[in-house]
Amino acid sequence: MQISDHMLRSFTITALAYVFLLPLVSCSPHGEIISNHTSIKENLHKTSPQMTSYIAVHGLILWVSMGFLMPVGILTIRMANKEEGGRRVKVLFYLHAIFQTLAVLLVTVGAVMSIKNFENSFNNHHQRLGLALYVAIWMQALIGIFRPPRGNKRRSTWYLTHWILGTVISMVGIINIYTGLEAYHKKTSKSTGIWTILFTAQVSFIALFYLFQDKWEHIQKQASHPPLPSDQENVIVVTQRVNQKVMLPQPCAKRNALTNLFD
């Protein structure tokens with residue numbers, strides 16, 4: 001009987017302990033504790049100086065590759081297309097190849113940094129455009145390497161594809177740099193105004209140079225040609241030529257008339 005009373009008392013104390021302590025435990029479930037811990041860790045990771053440095057280096061690499069080397073490579077090949085031939089064309093072509101190769105390598109380094117150090121959830125425009133650009137850049141590089149020789153029937157199709165794809169990649173890459181600057185501002189709360197101004201100035205200079213290429217040859221021709229006559233001088237010249245054409249047959253007609261009289 002004593003053993004049974006002791007067992008009953010122990011069971012009652014244990015049951016009461018579970019009744020009173022269970023609500024306290026349920027207020028802080030294990031999953032919520034882990035979730036809160038993970039969230040705090042992620043926030044600390046986002047704002048850490050090391051992560052900020054990684055983001056800055058990633059942005060600088062993509063700025064140099066997509067925002068500078070690739071557009072300059074396009075400008076060099078346009079200059080080569082305007083040359084008739086010779087050593088200058090070869091130099092410009094090799095410069096184009098070097099600039100584009102460096103751009104592809106730097107983009108690859110930037111992509112590896114993004115995969116290794118950043119959260120790639122692809123829930124924003126910057127990451128989605130970056131993934132599409134990475135695939136398109138390597139496609140463009142392979143198209144440039146495996147180009148058909150001149151005179152081949154596929155050469156015109158290849159040239160059109162290479163030109164359109166390169167232009168689209170360069171433009172979308174510039175847009176993605178702006179989205180990257182915005183993402184950097186949101187992630188680090190640091191101002192990017194000065195970087196946006198500098199990049200806009202660089203892009204504007206490249207765009208003006210691109211447009212100036214088409215007019216440079218025309219400007220040179222304008223300076224080398226003699227001045228054109230005025231409208232009045234044109235009328236006088238045309239009138240003189242018409243009079244000469246009308247007056248030239250008259251001596252022949254008079255000579256024929258005199259010959260007929262004597263005959």
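**Exercise 1. Find out how Leu-102 sits in its helix.**

Let's start with the place: Leu-102 lies in helix H4. (Helices, H or I and at least four residues, and strands, E and at least two, are DSSP runs numbered from the N terminus.) Before going on, note that this is a predicted model, where local features need pLDDT of at least 70, side-chain atom pairs count only at pLDDT 80 or more, and totals for chains, interfaces and linings use all residues. Residues are numbered from 1 along each chain as its sequence is written, and side-chain values use heavy atoms, with hydrogens and water left out.

Next, exposure. Leu-102 counts as partly exposed because its relative accessibility is 40%; buried means under 20% relative accessible area, exposed over 50%, and partly exposed in between (1.4 Å probe, protein chains only).

Last, the neighbours. Leu-102 belongs to a nonpolar surface patch with Val-91, Tyr-94, Leu-95, Ile-98 and Leu-105, and together they have about 540 Å² of accessible area.

**Exercise 2. Check the length of helix H4 and name some of its buried residues.**

Helix H4 covers residues 87-117, which is 31 residues. The expected span is 1.5 Å times one less than the number of residues. For H4 that gives 45 Å, and the distance from first to last C-alpha is close to it, at 45 Å.

Now for the buried side: the buried residues of H4 include His-96, Gln-100, Ala-103, Val-104 and Val-107. A handy rule: an α-helix has 3.6 residues a turn, so residues three or four places apart point the same way.

**Exercise 3. Compare the expected and actual span of helix H3, then locate its bend.**

H3 runs over residues 49-81, and its 33 residues should span 48 Å. Its end C-alpha atoms are 47 Å apart, which agrees.

For the bend, go to Leu-69: H3 bends there by about 30°, and Pro-71 follows within four residues. (The bend is the angle between axes fitted to the seven residues ending at a residue and the seven starting there.)

**Exercise 4. Describe the surroundings of Ser-170 and Asn-176.**

Ser-170 lies in helix H6, and so does Asn-176, in the stretch 155-188.

Ser-170 is buried, with a relative accessible area of 7%. Asn-176 is buried too, at 7%.

Contact means heavy atoms within 4.5 Å. Leaving aside neighbours within four places in sequence, Ser-170 is in contact with Met-70, Pro-71 and Ile-74. Asn-176, with residues up to four places away not counted, touches His-125, His-126, Leu-129, Gly-130 and Leu-133.

How values were computed: Patch = residues over 30% accessible without salt bridge, like charges linked within 9 Å, V, L, I, M, F, W, Y side chains within 5 Å. Areas by Shrake-Rupley, 256 points an atom, 1.4 Å probe, with all protein chains shown as cover. Salt bridge = Lys/Arg side-chain N within 4 Å of Asp/Glu carboxyl O.
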